[in-house]
Amino acid sequence: MPTRRRRRSPARRGAGVTVHRDPALVHALADARDLPDGPDRLLALERLAERADTAGDLRSALDARFALVEAYLLRGERWRLVEPVRRCRAAADYRPELLTEEEGRLLLRLQRYAVEALFGTPRVGLDQTRSLLDDLAHRIGSDGPDASTVAELRCRMADHLGDEPTARHWYQRWAGTTAGPSGGCPGCAPARRAELLAGWGAWRAALDELAGPTDDAADCTDQPERSLVAGLLPELRLGEPERAAAGHVRAYRRHRREPAAFPYLAAHLRFCALGGHLDRGLAILAEQLPRLDRPTDDLAAMEFAAAGALVCTLAVEAGLGVRTVHRPAYGGRPATDLDLATLGALLLAIANELAGSFDARNGSGHHLGRMAAWLAERPVATPVPLPTDDEPSDDDSAPDGDDEHELATLTIGMITAALDRRGDRYVVDEGATVVGRWGEVVIQFRRAGERGEVLHARAMAARRLPATRRAEAYAFCNAWNHDRLLPKAYAHDLGGELVLAGDVATDLAYGVAPEQLTVLVDAAIATGVAYAEAVAALP
């Protein structure tokens with residue numbers, strides 16, 4: 001979960017290194033960081049980076065580009081990382097003393113992210129990305145702790161280009177290794193490997209990869225749902241449709257509402273098509289079709305469109321062609337109801353256009369061929385009953401108390417279960433605090449009180465204000481507390497900046513029912529989001 005952070009002041013950098021800073025640029029950068037996340041903030045940071053280059057203030061240029069990369073990641077625009085990461089790397093090579101050790105490690109991770117951008121969009125140059133990857137390999141070395149990161153990226157790049165023999169070669173160098181500091185989420189590594197193996201038709205190997213130790217996955221906010229999705233098609237192919245059905249229903253409870261889960265929707269649609277659940281597939285397609293207008297990346301849009309076209313094709317073949325799917329208005333396009341044949345043709349055109357863009361950039365026909373192979377697939381299993389959407393699977397963690405209306409002592413498990421039912425992402429830190437991000441707000445849930453009987457929710461707005469605006473921050477909090485009940489607002493002074501936060505505390509000394517706890521969690525999130533949006537709207 002990306003969060004906005006202030007960079008440390010020049011006085012804290014390096015060991016006695018004198019770095020030229022332009023005071024006007026430093027102040028302008030602080031002002032740019034205080035802008036709400038959006039196009040204006042991006043434009044201000046881009047212009048500041050160029051001004052700093054012209055003024056010879058390399059430190060300010062680095063700060064602006066680090067902030068710019070952070071903003072791109074927050075907006076899900078990873079494809080825009082390549083140029084600022086390349087410029088940061090060039091500046092750091094020219095003046096190594098500009099970077100702290102922490103920033104050096106951060107830059108390696110960002111270089112990985114920039115390479116991964118190639119897989120999501122054809123708007124990133126192939127030669128430019130290869131250069132970044134070769135540079136990363138040179139810095140890490142063949143025996144360094146991040147050597148497996150390079151092996152993974154070379155494997156995934158070869159697979160993306162349709163060079164399976166080379167991909168399999170690098171897969172052997174990657175499989176069974178432990179990720180280094182820049183290696184991405186270790187909890188998701190088995191799922192990433194299983195996705196590759198499934199793409200090669202190695203169904204059993206994919207499931208074996210997912211069946212390994214799960215220690216790393218315990219701290220991963222994408223698990224277990226990502227692994228469940230990675231196993232859907234292998235399980236169908238190997239005659240385990242009941243297991244696939246349970247995994248689909250459990251994972252889709254979360255993925256149906258989570259914006260970052262758009263790349264997984266194609267697997268859900270393909271499961272419905274190949275598992276014979278056409279009614280379910282059409283319902284998912286109708287529900288998720290608006291997200292195709294604002295996709296997280298081009299690869300996810302291409303695969304969603306192709307999987308949706310497959311569902312429509314099979315539904316028409318099954319005699320369901322008279323059904324229609326509503327496509328909402330977007331931009332200048334009016335709302336319309338499309339029959340399945342028309343919708344299928346539209347989705348196929350979108351998939352082929354995006355696949356053609358990838359192949360034109362890559363100099364191959366791999367993605368057009370891959371999408372054509374998807375459209376040629378037919379059901380591989382007899383439909384089995386699906387668990388109901390509100391029925392937990394065997395490995396779900398049930399809250400204390402079997403009945404949603406039965407009172408039980410508040411536990412962290414009950415809080416996480418309430419978030420699971422909402423489909424939210426979160427982590428549980430070592431202090432047993434549940435932390436998640438909803439748009440412009442980070443919210444912490446914990447048990448307080450002598451016996452842990454108080455549900456305490458703390459909301460922290462992503463936007464921070466400079467300490468010079470203390471009086472304005474206090475006035476805002478006082479006005480909020482006067483007009484609204486929740487959350488209780490206050491400003492916390494960190495020395496150079498102000499964090500605007502809010503608290504909600506509920507005494508549950510006599511117990512709480514899971515259904516009641518869900519209402520409390522919903523209220524804390526809704527009021528926390530409203531509070532953070534009000535902070536972001538401050539001038």
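## A tour of helix contacts and aromatic rings

In this predicted model, begin by selecting helix 19 and helix 21, where Met414, Ile415, Ala418, Leu419, Arg421 and Arg422 of helix 19 meet Pro514, Leu517, Thr518, Val521, Asp522 and Ile525 of helix 21. By class, this contact of helix 19 with helix 21 comprises 8 nonpolar, 1 polar and 3 charged residues. Now show the full helices, residues 412-422 for helix 19 and residues 514-536 for helix 21, whose axes come within 9 Å and cross at roughly 70 degrees. That angle makes helix 19 roughly perpendicular to helix 21.

Turn next to the aromatic rings, for which the count comes to 6 aromatic pairs. Select Tyr171 and Trp174, an edge-to-face pair with 6.1 Å from centre to centre and 80 degrees between the planes. Both residues belong to helix 8 (residues 164-174), where Tyr171 and Trp174 are 3 residues apart, about one turn of the helix, and both Tyr171 and Trp174 are buried.

For another pair, select Phe476 and Trp480, whose ring centres are 6.4 Å apart and whose planes stand at 35 degrees, so the pair is tilted. Phe476 and Trp480 lie 4 residues apart in helix 20 (residues 470-483), and are therefore separated by about one helical turn; both Phe476 and Trp480 are buried.

Return to Tyr171 and Trp174 and add Trp200, since Tyr171, Trp174 and Trp200 form one aromatic cluster. With Trp174 still displayed, add Arg193, which lies over the face of Trp174 at 5.1 Å from the ring centre. Finish by selecting Arg270 and Trp374, where Arg270 lies over the face of Trp374 at 3.9 Å from the ring centre.

Key: Residues are numbered from 1 along each chain as its sequence is written. This is a predicted model: local features need pLDDT of at least 70, side-chain atom pairs count only at pLDDT 80 or more; totals for chains, interfaces and linings use all residues. Side-chain values use heavy atoms; hydrogens and water are left out. Axes are lines fitted to C-alpha atoms, for helices over the stretch in contact, and angles run from 0 to 180 degrees between N-to-C directions. Helices (H or I, at least four residues) and strands (E, at least two) are DSSP runs, numbered from the N terminus. Angles under 35 degrees count as roughly parallel, over 145 as roughly antiparallel, 65 to 115 as roughly perpendicular and the rest as oblique. Contact means heavy atoms within 4.5 Å. Ala, Val, Leu, Ile, Met, Phe, Trp, Tyr, Cys and Pro count as nonpolar, Asp, Glu, Lys and Arg as charged, and the others, Gly among them, as polar. Rings of Phe, Tyr and Trp (its six-membered ring) pair if their centres lie within 6.5 Å; planes under 30 degrees apart count as stacked, over 60 as edge-to-face and the rest as tilted. Buried means under 20% relative accessible area, exposed over 50%, partly exposed in between (1.4 Å probe, protein chains only). A charge sits over a ring if NZ of Lys or CZ of Arg is within 6 Å of the ring centre and within 35 degrees of the ring normal.
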